[in-house]
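Got the viewer open? Here's a short tour, one selection after another.

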Amino acid sequence: MNNILNEDAAGYSVAAVLWNVFPDLIIRNRQRDNELGLEVKALHTAAEEKSANLATPLQLIRYRKDFIVIINWGWQVGVHEGTSITYPHIHLVGVFDAWLLAKIRDYGWLLNQGGRTKGIDVATPIINGSGAGYKAEEGNMGKLMRIQLPSEMPQSVPHYMEMKEEDELYTKFKQQVLVLGLRETFLDICLLEGCDQVEADVGTEYPLECKILGDVELPSGVNFLLLAGPRPDQWLRTTPSGMFRPKAALLWLGVKLDWKLFANRGGHWTVIDQGKKPDSEYDRIQANLRAAHWLEEAAEL
């Protein structure tokens with residue numbers, strides 16, 4: 001990074017911050033003043049709950065001077081000089097105002113009471129415990145994929161318009177991260193099953209209605225489909241069976257990449273397995289795709 005900054009000859013340089021405190025990187029000017037801070041977070045495309053967290057208290061983040069850099073990555077298979085390699089591929093990068101995101105985070109958490117008593121005591125978010133006292137928040141309020149400006153936020157709060165504009169950009173980015181997770185999960189399973197060419201048209205946001213996003217024939221002869229959207233069981237019950245081949249399996253993925261695997265048996269879809277962590281449950285999904293008991297049943301119909 002310093003080599004890139006040196007090309008501009010403006011005297012800027014990057015330094016790493018030690019001791020695992022906010023931010024990760026500091027950009028200094030020619031006079032060595034701390035101009036900008038960069039906090040870098042990584043989100044894996046296929047993880048069911050993106051665990052990267054913005055937990056830094058608001059008062060430790062500088063307005064218009066500290067930014068959060070979010071890198072969305074996944075494992076990719078490629079060929080280099082005739083050799084097959086698997087490498088971490090960066091799909092998407094977003095840069096956002098860390099102070100505004102932290103402000104949105106705090107307002108969102110405080111407004112969403114959920115039947116609990118909440119507050120922020122100096123620097124620590126607190127919540128009422130099972131007894132009469134309070135305890136520190138469990139560590140969920142800063143999860144990056146959960147940060148969202150509440151719809152009931154009064155427009156009279158300070159910096160409302162700035163937060164609204166940042167939230168619109170951030171919501172669009174989160175949707176891109178989500179649909180990449182859909183595509184990469186489907187592609188990973190297809191590649192593990194031995195497919196050479198796989199495509200999935202996932203669009204730019206999670207579907208508001210159920211929709212087939214991917215369709216491929218596996219080497220085993222199974223027609224493997226990717227479905228996303230709300231209420232998949234109801235959608236499959238009301239969709240004409242003629243749309244699907246007899247020997248078919250369908251993977252549904254939710255907004256948190258929770259999953260269900262359906263098998264087409266005589267025109268009726270049956271759930272044969274389900275889970276919440278597809279990236280750690282590929283073996284289960286593959287075992288079900290190869291399960292002889294339903295493959296033979298489907299082939300005979």
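**Stop one: the sheet**

Select Ile-27 and look across to β3: the residue facing Ile-27 there is Leu-36. Keep in mind that this is a predicted model. Now show β2 (residues 25-28) and β3 (residues 34-44); the two strands run antiparallel and are joined by four bridges.

Widen the selection to the whole open sheet, five strands ordered β1-β2-β3-β4-β5 with mixed pairing. At the edges sit β1 (13-16) and β5 (83-97), each pairing on one side only. Ignoring direction, neighbouring strands are turned by 30° against each other on average.

**Stop two: helices on the sheet**

Next, pick helix α2 (residues 98-111), which packs on the sheet and touches β4 (66-80) and β5. The direction of α2 makes about 80° with that of β5. Then add helix α3 (residues 160-192): α3 also packs on the sheet, touching β3, β4 and β5, and its direction makes about 165° with that of β5.

**Stop three: a ring cluster**

There are seven aromatic pairs in the structure. For one of them, show Phe-96 and Tyr-170: they're edge-to-face, 5.0 Å centre to centre with 80° between the planes. Phe-96 is in strand β5 and Tyr-170 in helix α3, so this pair ties together parts 74 residues apart in sequence.

Add Phe-173. Its ring centre is 5.3 Å from that of Phe-96 and the planes are at 65°, so this pair is edge-to-face. Ring pairs link Phe-96, Tyr-170 and Phe-173 into a cluster. Buried or exposed, where does Phe-173 fall? Phe-173 is buried, at 5% relative accessible area, and Phe-96 is buried at 6%.

How values were computed: Residues are numbered from 1 along each chain as its sequence is written. This is a predicted model: local features need pLDDT of at least 70, side-chain atom pairs count only at pLDDT 80 or more; totals for chains, interfaces and linings use all residues. Side-chain values use heavy atoms; hydrogens and water are left out. Two strands pair if DSSP finds at least two bridges between them. Axes are lines fitted to C-alpha atoms, for helices over the stretch in contact, and angles run from 0 to 180 degrees between N-to-C directions. Contact means heavy atoms within 4.5 Å. Rings of Phe, Tyr and Trp (its six-membered ring) pair if their centres lie within 6.5 Å; planes under 30 degrees apart count as stacked, over 60 as edge-to-face and the rest as tilted. Buried means under 20% relative accessible area, exposed over 50%, partly exposed in between (1.4 Å probe, protein chains only).
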